[in-house]
Amino acid sequence: MTTNGTMAPEEGTLLWARPDGATGPGSVEPLRVAVREFKLAVHACTYGELPELVRVRRCELVGIELGEDAEAGVALIKRLHERLPALNIFAVSDDPSVSLLRTLLEAGASDVLSLPLSSQELHKALIKFSQVRSKTGPANAPGTVLTVYGVRGGLGATTLAVNLAARLHATLEVETALVDLDLQRGDVAAFLNLTPVNSLAALANATGTVDEIFLAGTLTRHPSGLFLLPAPSEIEEADAIGHNEVEVALRLLRSQFRYAVVDTGRTISGPALAAFEQSDRLLMLTDLSVPGVRAARRIVELLDRLSIPRERVDLIVTQAIPGPVSLQDAARAIGKEVFQVLPRDEQAASGAMNAGAPIAAGREGGLGTAIAELADKVAGRGGAPKAKRGHLLQRIFTRETRP
Ligand SMILES: Nc1ncnc2c1ncn2[C@@H]1O[C@H](COP(=O)(O)OP(=O)(O)OP(=O)(O)O)[C@@H](O)[C@H]1O
Ligand SMILES: [Mg+2]
């Protein structure tokens, strides 16, 4: 009830599916009463109707009553969960056995309720659902794309991209992907000691629909749980990947991951431009040399011409290569405040790179600490803190990828 005493308008629909041809009263009427205070309308349907209804109504929560043939219900749960990993599925069954409970949860049910439905049990499950939703925002809240671009070669862009992604993933425990857009020289896989089977090239060669499931097949999972969309293994495959492929890949990643961190190469062509356009933040890495500062200025001007708002750009200054320009002069010349300084730390940078692992927990004043600070600033800038997404990916990658 709202403060003026009228019923609050319904904010969502709970789709409630019963087996095709089910007879008997079912639990829909008691359900309608029980969910009223959760501002949910109940729409009853059959198994056969459910997938299309979920799609059309963009609903976040479904209930699936299991009938005599539990297998059919389990198969439906599996199918829905694979297509829509963020969908909440209540499985409802009169069989209290542990083995069925396990099967339902493994199939992708977020909760299992018993039949006949008890309003207390249902309320508990709905409270859990609404708490998760209020913490994470709507299930399909888009993730954040962060692109790292080094204004000159060899400044540590790949080191930054790899370690920023690893840090975001480890500390926030959110689904995070890395994308290697240095298409010809892609070395992100080597930084993580991975030997990918597929790459961005698969998107260019795709003949059918490129959707979340297709994307999942192009990713490689690091043992830490970080996902990599690698550059092609054959250099000549790089040419086939253009603006369109990158745009599609980033859109899909955004729907599956809380963060997608993109490493870029030195040339600004279609793929890099697509990343710039799709990025929520562009981390522009420069050093304090005169050519570095000049190159950074030229990039800012290019972004202006491309109508990419300057507020989206964060200036990162590395001290890996010494330079005579002061931080203040660099900021003034480039037209951006310095967002983060990365210290020279050869031991951490080359140690991690050659070990094929992210930089270990930071030494005070070291590169690991600076990247951790940057990750905190990036994460603190808003967005859902702990959105759980990408269950599909975790399920597809049941085995860890080993080099
Ligand atoms: N903060 C740092 N201090 C010292 N050395 C660093 C630092 N960051 C990176 N390096 C080293 O600099 C070299 C280049 O790093 P990296 O490959 O990350 O740069 P890049 O900008 O991606 O280069 P490229 O333009 O070739 O892609 C590596 O040897 C790396 O270990
Ligand atoms: Mg690089």
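Author: Two strands are said to pair if DSSP finds at least two bridges between them. The model discussed here is predicted, and its strand 10 offers a case: the bridge partner of T176 there is Y259.

Reader: In which sense do strand 7 and strand 10 pair, and over how many bridges?

Author: The pairing of strand 7 with strand 10 (residues 259-264) is parallel and has six bridges. Strand 7 also pairs with strand 9 (residues 227-229), again in the parallel sense, over three bridges. Within that second pairing, V179 is opposite L229 of strand 9.

Reader: How should I read the two faces of a strand such as this one?

Author: The general idea is that side chains in a regular strand alternate between the two faces of the sheet. In strand 7, T176, L178 and D180 point one way, while A177, V179 and L181 point the other way.

Reader: Are the residues of strand 7 (residues 176-181) buried or exposed?

Author: Burial is judged by a count: a residue is buried if 20 or more other C-beta atoms lie within 10 Å of its own, and exposed if 12 or fewer do. Six of the six residues of strand 7 are buried, so the strand is largely enclosed by the rest of the structure.

Reader: What is the order of the strands in the open sheet of eight strands?

Author: The order is 8-9-7-10-6-11-12-13, and the pairing is mixed. Strand 8 (220-221) and strand 13 (338-342) are the edge strands, each pairing on one side only. At one of these edges, strand 13 runs parallel to strand 12 and is joined to it by four bridges. There, L315 has V338 of strand 13 as its bridge partner.

Reader: What is the order of the sheet that five strands form, and how do they pair?

Author: That sheet is open as well, with the order 2-1-3-4-5 and parallel pairing. Its edge strands are strand 2 (40-46) and strand 5 (111-114), each paired on one side only. From one strand to the next, the twist averages 25 degrees. Strand 5 is joined to strand 4 (residues 88-93) by four bridges, and the two run parallel. One residue to locate in this pairing is F90, which stands opposite D111 of strand 5.

Reader: I should like to turn to helices. How does one recognise a buried face?

Author: An α-helix has 3.6 residues a turn, so residues three or four places apart point the same way. In helix 1 (residues 28-35), the buried residues are L31, A34 and V35. Viewed down the axis of helix 1, they fall within an arc of 85 degrees, so they line one face of the helix. On the other side of helix 1, E29 and V33 are exposed.

Reader: Which residues of helix 10 are buried?

Author: They are E245, V246, A249, L250, L252, L253 and Q256. Down the axis of helix 10 these buried residues fall within an arc of 165 degrees, so they too line one face of their helix. Helix 10 (residues 243-256) has 14 residues, and its span of 20 Å from first C-alpha to last is close to the 20 Å expected at 1.5 Å a residue.

Reader: What backbone details in the loops deserve inspection?

Author: One is the peptide bond from L115 to P116, which is cis, with omega near -5 degrees. P116 belongs to the loop between strand 5 and helix 5 (119-136). Another is N193, which has a positive phi of about 55 degrees although it is not a glycine. N193 sits in the loop between helix 7 (188-191) and helix 8 (201-205). S307, likewise not a glycine, has a positive phi of about 60 degrees, and its loop connects helix 12 (290-305) to strand 12 (313-318).

Reader: Why does N193 count as partly exposed?

Author: N193 counts as partly exposed because it has 15 C-beta neighbours inside 10 Å. S307 is exposed, because it has 7 other C-beta atoms within 10 Å.

Reader: Finally, which residues come nearest to ligand 1?

Author: Of the 20 residues around ligand 1, those that come nearest are G153, G156, T158, T159 and A349. Helix 6 (157-172) and helix 14 (346-355) are the elements that give two or more residues to this shell. Helix 14 gives the most, with four residues. By character, the shell divides into seven nonpolar, eight polar and five charged residues.

Technical notes
Residues are numbered from 1 along each chain as its sequence is written. Chains are lettered from A and ligands numbered from 1 in the order in which they are written. This is a predicted model: local features need pLDDT of at least 70, side-chain atom pairs count only at pLDDT 80 or more; totals for chains, interfaces and linings use all residues. A residue is near a molecule or strand if its C-beta atom, placed from the backbone, lies within 6 Å of it. Ala, Val, Leu, Ile, Met, Phe, Trp, Tyr, Cys and Pro count as nonpolar, Asp, Glu, Lys and Arg as charged, and the others, Gly among them, as polar. The expected span of a helix is 1.5 Å times one less than its number of residues. The arc is that of the directions from the helix axis to the C-beta atoms. Axes are lines fitted to C-alpha atoms, for helices over the stretch in contact, and angles run from 0 to 180 degrees between N-to-C directions.
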